[in-house]
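Got your viewer open and a selection box ready? Let's walk through this one stop by stop, picking residues as we go.

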Amino acid sequence: MSKQLNAVTFGEPMAMFYANETGPLHEVTSFSKALAGAESNVATGLSRLAHKTGYVTKLGEDNFGQFIAMALNKEGIDTDSITYTKEFSTGMLIKSKVLTGDPKVEYFRKNSAASKLSLADFDESYFASAGHLHVTSISSALSKSCHEFSLHAMEFMKKNGKTVSLDPNLRPTLWPDTETMVNTINDLATRCDWFLPGLSEGKILTGLETPEEIAGYYLQRGVSLVVIKLGPEGAYYKTATGEEGYVNGFKVKEVVDTVGAGDGFAVGVISAMLEQLTVAEAVKRGNAIGALAVMSPGDMDGLPTREGLEQFMNASV
Ligand SMILES: Nc1ncnc2c1ncn2[C@@H]1O[C@H](COP(=O)(O)OP(=O)(O)O)[C@@H](O)[C@H]1O
Ligand SMILES: O=C(O)C(=O)C[C@H](O)[C@H](O)COP(=O)(O)O
């Protein structure tokens, strides 16, 4: 039987070493290892909610590559379209531990195996087997060939009547300059159906101030749903058909690590939209998974199973 995927995504997965103690990263002596990467976080979250998800990347033939492939398989993610290279290494990052605010992240990913992903790796039948494509603009920042891959994948999915979501995931350190980052991401946004920026990202990308204005900017450019993340306050959404609203965030006992909240949020919105829930319900689920994500140290530890999600949402009403 031919392959059937609910969703597919592609990008750069990395081995992450997160500090077990607070303090500057060069002084930390003890780290824990986990899988990181915005798109692999989303693939993991969707897979835990029983959406069959494929993940496409290029890995180095090294220990980090082996670790990542193993971690993805353990999550039940389809890895059949992953390619390998001997020439380039798998990327990694280190992350500090903080008691408040966002941790410091340092990447070791320049010229990584994943940055070599190119159109030659695009498998039409694999992408055609999926109902939805999730993209982040990190891929476009990695290399010209990854940017071409992104444009082609988005165009291919749209042409085949599939939905496409885009999380801008601003990573200013990966771009040559702010202007290139803003112009490229705004161009990518016109090619998606569901656009999921954070408020501060939306301000940088449009120069506008309010969630309403930012949503309007993208709706005018052909996006059908814009959801703007508002941190602990939740999120604002607006659709091309005029539906809009604010959805409150969930109460969190303790914020352990804010990294991964946006990816968790994307999992909630995408999974619920694929299940044909209303947009307001999708945004509520996004808020729930975002809240679960900030309560755990790894980027993916908080991503729930369906049972865990229901328990959290029911306990929070
Ligand atoms: N402290 C928090 N309490 C509850 N929910 C949160 C908290 N921080 C984030 N979230 C949830 O996660 C989503 C994404 O977080 P946010 O910080 O806005 O995005 P990003 O990680 O992309 O910067 C928010 O819209 C919200 O639903
Ligand atoms: O892929 C990258 O470049 C990363 O930095 C890996 C991180 O796990 C996510 O990107 C977290 O992203 P947020 O959910 O927006 O906090």
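**Stop 1: helix H9**

Select residues 261–274: this is helix H9, whose 14 residues reach 20 Å from the first C-alpha to the last, close to the 20 Å expected at 1.5 Å a residue. Keep in mind for this and every later stop that you're looking at a predicted model.

Now colour H9 by burial. Because 12 of its 14 residues are buried, the helix is largely enclosed by the rest of the structure. Among those buried residues are Asp 263, Phe 265, Val 267, Ile 270 and Met 273.

Stay on Met 273 and show its surroundings. Beyond its neighbours within four places in sequence, Met 273 is in contact with Trp 194, Leu 225, Val 279 and Ala 282.

**Stop 2: the nonpolar cores**

Which residues have the most contacts inside the largest nonpolar core? Select Leu 72, Leu 225, Val 227, Tyr 237, Val 267, Met 273 and Val 283: they hold that place in a core of 47 residues. Apart from this core lies another, of 44 residues, with Ala 130, Val 135, Ala 141 and Val 164 among them. As background, nonpolar side chains tend to be buried together in soluble globular proteins.

**Stop 3: two positive phi values**

Slide off the end of H9 to Gln 276, which sits in the loop between H9 and helix H10 (279–294). Gln 276 isn't a glycine, yet its phi is positive, about 65 degrees. Is Gln 276 buried or exposed? It counts as exposed, at 70% relative accessibility.

For another case, jump to Asn 111, in the loop between strand S8 (105–108) and helix H3 (124–128). Asn 111 has a positive phi of about 60 degrees, and it's not a glycine either. These are worth a click because most residues other than glycine have a negative phi.

**Stop 4: Lys 58**

Next, pick Lys 58 in strand S5 (residues 58–60). Lysine or not, Lys 58 counts as buried, at 12% relative accessibility. What does its side chain make a polar contact with? Show the side chain of Thr 83: the two side chains make that contact at 3.2 Å. Setting aside residues up to four places away in sequence, Lys 58 also touches others, including Tyr 84, Ala 113, Lys 116, Leu 117 and Asp 121.

**Stop 5: Phe 67**

Move along to helix H2 (residues 63–74) and select Phe 67. Phe 67 is buried, with a relative accessible area of 15%. Leaving out neighbours within four places in sequence, its contacts are Ala 15, Lys 33, Ala 34 and Leu 35. Try a distance label on that last one: the C-alpha atoms of Phe 67 and Leu 35 are separated by 8.2 Å, with their positions 32 residues apart along the chain.

**Stop 6: the cysteines**

Select Cys 146 and label its sulfur. How far is the closest cysteine sulfur? It belongs to Cys 192 and is 19 Å away, too far for a bond. Cys 192 is in no disulfide, and the count comes to 0 disulfides. Both sites are tucked away: Cys 146 is buried at 3% relative accessible area, and Cys 192 is buried at 0%.

**Last stop: zoom out**

Finally, select residues 7–305, where an unreviewed UniProt entry places the feature "domain: Carbohydrate kinase PfkB". Over residues 7–305 the chain is 36% helix and 23% strand. Label the end C-alpha atoms of that stretch, and you'll find them 17 Å apart.

Key: Residues are numbered from 1 along each chain as its sequence is written. Chains are lettered from A and ligands numbered from 1 in the order in which they are written. This is a predicted model: local features need pLDDT of at least 70, side-chain atom pairs count only at pLDDT 80 or more; totals for chains, interfaces and linings use all residues. Side-chain values use heavy atoms; hydrogens and water are left out. Helices (H or I, at least four residues) and strands (E, at least two) are DSSP runs, numbered from the N terminus. Buried means under 20% relative accessible area, exposed over 50%, partly exposed in between (1.4 Å probe, protein chains only). A polar contact is a pair of N or O atoms within 3.5 Å; within protein, one must be able to donate a hydrogen and the other to accept it, and residues adjacent in sequence count only if both atoms are side-chain atoms. Contact means heavy atoms within 4.5 Å. A disulfide is a pair of cysteine sulfur atoms within 2.5 Å. UniProt positions are given in the numbering used here, feature names are shortened, and annotations may be inferred rather than shown by experiment. The expected span of a helix is 1.5 Å times one less than its number of residues. A nonpolar core is a set of buried Ala, Val, Leu, Ile, Met, Phe, Trp, Tyr and Cys residues joined through side-chain atoms within 4.5 Å.
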